[in-house]
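Me: Please take a close look at the place where the ligand sits, and describe what is around it in a connected way.

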Amino acid sequence: MKNKKIAIIGANGQLGSDLQKALSDKLPYNIYPLTHADIEITKQDNMVEVLDNIQPDVVINTAAYNNVDESESNPQKALLVNSIANKYLAEYCKKKNSILVYISSDYVFGFDEKRNIPYIESDYPGPINTYGISKLAGEYFVLSICKKYFVIRTSGLFGIAGSSGKGGNFITTMLQLAKVKKEISVVNDQIISPTYTRDLAKQIHYLIRTSAFGLYHATSEGQCSWYEFAKTIFRLTKTAVLIRSIPSSLYQSAAKRPSYSVLENHKLKKLGIHNMRNWKEGLYDYLQEKGYI
Ligand SMILES: NC(=O)c1ccc[n+]([C@@H]2O[C@H](COP(=O)([O-])OP(=O)(O)OC[C@H]3O[C@@H](n4cnc5c(N)ncnc54)[C@H](OP(=O)(O)O)[C@@H]3O)[C@@H](O)[C@H]2O)c1
């Protein structure tokens, strides 16, 4: 049987680089990593030319405009990268009968301010910031154009590569801040599931081996506030710093964020391929791999 060709867009990002590791040397795949220098997904002609040279069976798009606060002052860019480029990719994949994998976000939720139980895939989305709106529009382009797609919503990613768009990730930011500040304030009223990109990459590998196309939630098990996340990082790395728990109302940011955006990996569990660990286990492995512990 011929190996499947998988193009990974955003290949040197946090998730992209872990996907390369998770899928390389695994039969029956040939991996084609595409960095931003190799492909510009917002330019349809360039995207078509690059993908035509590969003729992929599967396109995994991990590329995004990830800066949630900047998206408020640059909605054009958020919509172009996170929504419209995915329309182009969906049209391409439909035409070529390829499978499209689009990575979405827990920030498609947030409208329900009283929510305190995890969202499943059939819950109605309702974003409250430009980034979330742009990711949701990206989902709808994929869902409405392609037949063979996996839309995968995830949350609070951290990976060895760090996100260039965000200048690292929450963990690297906290550890940097601890070097220069005596006291750090972190919000206690936004609840998420921090997710190690290596765990997510493995889960994506299990999912794309199936043909159970559709919308999935894939985050670490368990939940915490950003404050609890930071506290755990400092405890595990034995970092001596004062950490103060504050409400979001005391933290100025351009974008509003959901107070609760925990996702339940309902459909992965139903399918019998669920493989996500608790976020603390992922965090421990990440810190070890980075040499922080
Ligand atoms: N990070 C999170 O906490 C989080 C949470 C939920 C969902 N997600 C979603 O998960 C996915 C992966 O996130 P991540 O943190 O792994 O991202 P990342 O580390 O920021 O990587 C994104 C990659 O995409 C590339 N890229 C950006 N714009 C592009 C364009 N127009 N054309 C081609 N490549 C482009 C970037 O290259 P350059 O840096 O060179 O531009 C970068 O290598 C994204 O879809 C994101 O929306 C992320």
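Reply: A backbone N or O atom of I103 lies 3.2 Å from an oxygen atom of the ligand, which meets the cut-off for a polar contact, a pair of N or O atoms within 3.5 Å. This is a predicted model, in which local features need pLDDT of at least 70, side-chain atom pairs count only at pLDDT 80 or more, and totals for chains, interfaces and linings use all residues. Residues are numbered from 1 along each chain as its sequence is written, and side-chain values use heavy atoms, with hydrogens and water left out.

Two side chains also reach oxygen atoms of the ligand: a polar side-chain atom of Y131 is 2.8 Å from one, and an N or O atom in the side chain of N66 is 3.0 Å from one. The ligand has 910 Å² of accessible area on its own, of which the protein covers 89% (areas by the Shrake-Rupley method with a 1.4 Å probe).

The shell around the ligand, counted as residues with a heavy atom within 4 Å of it, holds 27 residues, and the closest are H36, E40, Y131, S163 and S164. By type, the shell divides into 16 polar, eight nonpolar and three charged residues, where Asp, Glu, Lys and Arg count as charged, Ala, Val, Leu, Ile, Met, Phe, Trp, Tyr, Cys and Pro as nonpolar, and the others, Gly among them, as polar.

In terms of secondary structure (DSSP runs numbered from the N terminus, with helices, H or I, of at least four residues and strands, E, of at least two), at least two shell residues each come from α1 (14-23), β4 (99-105) and α5 (130-145). Strand β4 gives the most, with three residues.

Elsewhere in the model, strand β1 (residues 4-9) runs parallel to strand β2 (residues 29-34), joined by six bridges, and K4 stands opposite Y29 in β2. Strand β1 also runs parallel to strand β3 (residues 58-61), with four bridges, and I9 has N61 in β3 as its bridge partner; strands count as paired if DSSP finds at least two bridges between them.

Notes:
Polar contact = N/O pair within 3.5 Å; in protein donor to acceptor, adjacent residues only side chain to side chain.
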